[in-house]
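What follows is a guided reading of a structure, moving from a single residue to a chain as a whole and then to the contact between two chains.

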Amino acid sequence: MILDLNITSSCLIKKDSVYLNGKKLFSYLDTASTNFLLSAYRFFEMNYPKFYKMDNLCKLGWLASEILLKESFVKDKYVPEEIGVVLLNKNSSLNTDLKFYQTINEIPSPSLFVYTLPNIVIGEICIRNNFKGETAFFIFKKFNSEFIQQYVNNLFNNNILQACICGWVEFMDDDYKAVLLLIEKDKSSISKPFTIFNINKMYH
Amino acid sequence: MKDVFIVSDNILSPIGTTTTDNFEKLKKSVSGIELHEKKSYSETPFYASLFDDSLMFDNDTKILCFTKFENLIINSIRQALLNDAINIDLKKTLLIISSTKGNIELLENEKYTKELINRISLHTSATKISNYFELKEEPLIISNACISGLLAIITGMRMIQIGKYENVIIAGADVISKFVLSGFQSFQAISKEKCRPFDNERNGINLGEGAATIILSSNKKIGSSIKVAGGSVSNDANHISGPSRTGEELSYAISMAMKNANVSNNNIDFISAHGTGTIYNDEMEGNAFFLQKLQNIPTNSLKGYFGHTLGAAGIIESIISYKSMEQNLILPTLGFQKLGISKPINICTTLNSSIINNCLKTASGFGGCNAAIVMSKN
């Protein structure tokens with residue numbers, strides 16, 4: 001059976017602005033991306049000390065997931081194993097790879113090394129929310145809505161997941177973008193059908 | 001749902017350049033792990049399974065513009081395609097690449113530029129490899145720490161099951177460089193001796209280089225006797241660099257993989273564990289097997305032969321496991337002497353003949369990820 005899934009929440013972070021379900025909630029004009037991430041963290045009054053330890057890719061993905069889930073997501077509807085995370089990006093963890101590489105001839109940094117894998121951002125989101133379902137990280141040259149739709153649909157159709165965060169999290173110097181979608185079976189007053197057209201609309 | 005057959009394979013490792021070569025040497029307890037004194041990698045000597053680069057590559061000029069990582073993958077796929085019994089239509093074929101760090105060693109040898117960043121990116125490698133084989137579909141790239149290889153097999157299986165592709169080529173590789181070695185050293189995760197999975201004296205991993213290819217197909221005519229019957233992935237939601245203390249999450253992935261494959265724990269005849277040789281991974285895996293009541297099933301780890309080959313590990317170890325199924329022969333766990341985990345699992349120490357109809361293969365990695373697949377005889 002092919003299910004009709006819904007995008008029940010969407011968060012877009014790009015060009016110094018944060019959008020939730022298409023509405024701009026925050027913008028901060030600063031050329032440095034790291035300042036922006038910290039300002040957003042403070043603006044949304046988040047309190048999660050682990051945030052400060054994260055690399056930029058994780059900070060970006062984690063922030064987007066917090067904002068994505070903050071209004072409408074009812075976690076208790078699901079058991080932890082039914083909630084998954086599927087993410088894509090272009091340059092893997094290369095931004096942190098370069099930072100770790102700077103340390104390897106002196107004292108290699110274990111706290112940087114752990115972030116030289118792209119799927120760590122998924123781990124951070126799972127730890128924060130106690131999500132224990134299927135997770136996967138893919139590398140694509142460009143945002144690929146068709147793949148996201150097909151892959152996540154398959155996870156629902158095979159009853160592997162009942163809720164899924166999916167999307168794109170890319171961080172390379174000051175070029176960064178996060179687009180996260182929350183996919184669920186049930187519709188809501190603001191949900192949109194999980195179609196390639198709608199996924200693309202949220203990316204741009 | 002369509003059956004998914006394993007129709008060809010290759011392992012390219014410091015032990016051998018074909019699957020048969022590797023398997024025959026493993027039967028004789030040959031290991032690729034040696035003590036290396038390579039100052040460009042590490043100030044101190046270290047145990048690892050590394051290619052002798054001067055012997056490795058052929059003189060095919062077409063391949064010279066590829067990096068070592070890409071060369072490994074291309075050579076492995078070429079070997080897998082040489083199998084006469086298969087004649088797959090590459091136009092109806094998906095390529096999935098599995099790697100944790102791909103071309104990262106280029107950082108150590110080349111000047112840092114924007115072009116270099118693009119050259120390092122996995123999507124650049126994937127495009128070049130795909131073009132080399134004249135594949136039409138955009139390749140998929142999976143970079144999901146140490147479960148990358150198993151996740152690639154699971155993804156390939158599903159792509160065939162949903163009828164999207166007739167064939168999937170799954171290829172994985174990782175190159176060991178100062179970047180990777182120094183990182184694991186900084187974690188105190190590298191063993192001071194040859195690794196000893198599940199042993200009382202274990203103290204870490206050995207890294208290994210390698211590439212491997214599995215070709216899956218829904219086409220029974222070209223199919224072997226072994227199927228990828230099921231797979232599952234889970235997350236610990238516990239710690240980014242340490243596994244779950246309980247093993248419940250890997251246990252869940254195992255249960256779902258068995259359910260997906262339509263087998264129960266009574267049907268599993270053999271387990272190929274991740275068995276890295278670190279204190280916490282092996283303990284966690286033992287807990288997970290015990291939770292699934294699999295503690296009596298013959299279990300091995302292949303890390304003592306190949307080391308931890310990162311993005312290739314899941315593929316290399318799955319191939320060796322189904323060769324074990326074909327030959328009904330379970331390989332011993334090299335490096336293991338005395339059980340050093342709290343649950344009494346059944347680690348194989350000798351070459352054992354045993355009928356294997358269903359095999360469970362597991363992996364876990366940084367980011368709290370776990371994966372399990374079940375391979376079955378048709």
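A residue is called buried when its relative accessible area is under 20%, exposed when that value is over 50%, and partly exposed in between. The model to which this is applied here is a predicted one. Asn352(B), with a relative accessibility of 30%, therefore counts as partly exposed. This residue belongs to strand S13 of chain B, which covers residues 352–353. Once residues up to four places away in sequence are set aside, Asn352(B) touches Asn328(B), Leu329(B) and Ile330(B). For Ile330(B) the separation from Asn352(B) is 22 residues along the sequence, while the two C-alpha atoms lie 5.1 Å apart in space.

Turning to the other chain, chain A is built with seven helices and eight strands. Its radius of gyration is 16 Å, close to the 17 Å that the globule rule gives for 204 residues, and chain A is therefore as compact as a globular protein of that length. The C-alpha trace of chain A spans about 55 × 35 × 30 Å along its principal axes. Of the 204 residues in chain A, 64% are buried, and among the contacts in this chain with a separation of 6 or more, 67% are made by residues 24 or more positions apart. The area that chain A exposes is about 8400 Å², with carbon and sulfur atoms supplying 50% of it. As for charge, chain A carries 22 positive and 21 negative side chains, and the centres of these two sets are 5 Å apart.

The two chains meet through 51 residues of chain A and 47 residues of chain B. Between them an area of about 4100 Å² is buried, and carbon and sulfur atoms give 63% of that area. On the side of chain B, His123(B), Arg158(B) and Ile240(B) supply 15% of the area that this chain buries against chain A, more than any other three residues.

His123(B) leads on to helix H6 of chain B, since it is one of the buried residues of that helix. H6(B) runs over residues 122–132 and is mostly covered, eight of its 11 residues being buried. Besides His123(B), the buried residues include Leu122(B), Ile129(B) and Tyr132(B). Their cover includes strand S5 (135–139) of chain A, and from chain B itself helix H3 (68–82), strand S4 (93–98), helix H5 (114–120) and strand S5 (140–142). After H6(B) comes Glu134(B), whose phi is positive, near 55°.

Notes:
Residues numbered from 1 in each chain as written. Chains lettered and ligands numbered in written order. Predicted model: local features only at pLDDT ≥ 70, side-chain atom pairs only at ≥ 80, totals over all residues. Heavy atoms only, no water. Helix = DSSP H or I, 4+ residues; strand = E, 2+ residues; numbered from the N terminus. Rg over C-alpha atoms; globule rule 2.2 N^0.38 Å. Buried < 20%, exposed > 50% of the residue type's maximum accessible area, 1.4 Å probe, protein only. Contact = heavy atoms within 4.5 Å. Areas by Shrake-Rupley, 256 points an atom, 1.4 Å probe, with all protein chains shown as cover. Lys, Arg positive; Asp, Glu negative; His and termini not counted. Charge placed at Lys NZ, Arg CZ, Asp CG, Glu CD. Buried area = accessible area lost by both parts, 1.4 Å probe.
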